[in-house]
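Q: Please take a close look at one part of this structure, a single sheet, and describe how its strands are put together.

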Amino acid sequence: MKITDLVPWRGSGRDVTARSAPIDPMSGLQTEVERAFDNFWRAISYPFAAIDRTSHLDDVRVDVVDNGKEVKVTAELPGISEADIDVSISNGLLTIRGEKKSEYELEENSVLVKERAYGTVERTITLPDGIIADAATATFRNGVLTLTIPKSTEPQAKARRVSVQAG
């Protein structure tokens, strides 16, 4: 940010109404501190560049496909073992929950970097009507969970008129 961006120059044609709203000084300070730390870590290329800053513990990426006969859900759960995954279907909601434990260690040229990350990941998906939750199957291979949930072959209940009687 340049100092000239802070000064509402008259006659410059720029819209200064956006700057007239009060700014929370604490959120501005927090943003600046976060930006300073991000810039600091970008400037140091060795050995910290090997640390994957793009992975987030709370991300569960899913694909949901409904082909009319079944619903297929594919979820990416890298770094989670099969024993640490919990899948449940309740009231038309599919919940995928897992616990991730990862440790990272790098030692080069007398520099030691160690990181540990522990946490849970969770994703809840609304399922379409007509699924048969009791017949759902799940497989887990190479960090990818695949759920197959069959749908009922019976047509959905149609709307039915209810006669109203005077009482």
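A: A good place to start is one pair of residues: lysine 100 stands opposite glycine 119 in E5. The model in which this pair is found is predicted. Lysine 100 faces E5 from strand E4, which covers residues 93-108. E4 and E5 pair in the antiparallel sense, over 16 bridges. Another pairing with E5 is that of glutamate 105, whose bridge partner there is lysine 114. Between E4 and E5 there is a hairpin with 2 residues between the strands. In this hairpin, asparagine 109 takes a positive phi near 50°.

The other neighbour of E4 is E3, as the order of the sheet is E3-E4-E5. E3 and E4 run antiparallel and are joined by 6 bridges. Here isoleucine 89 stands opposite leucine 94 in E4. These two strands also form a hairpin, again with 2 residues between them. Asparagine 91, in the turn of that hairpin, has a positive phi of about 55°.

Taken as a whole, the sheet is open and has 3 strands, with antiparallel pairing. Strand E3, residues 85-90, and strand E5, residues 111-126, are its edge strands, and each of them pairs on one side only. Neighbouring strands in the sheet are turned against each other by 15° on average, with direction ignored. As for the side chains, in a regular strand they alternate between the two faces of the sheet.

Key. Residues are numbered from 1 along each chain as its sequence is written. This is a predicted model: local features need pLDDT of at least 70, side-chain atom pairs count only at pLDDT 80 or more; totals for chains, interfaces and linings use all residues. Side-chain values use heavy atoms; hydrogens and water are left out. Two strands pair if DSSP finds at least two bridges between them. Helices (H or I, at least four residues) and strands (E, at least two) are DSSP runs, numbered from the N terminus. Axes are lines fitted to C-alpha atoms, for helices over the stretch in contact, and angles run from 0 to 180 degrees between N-to-C directions.
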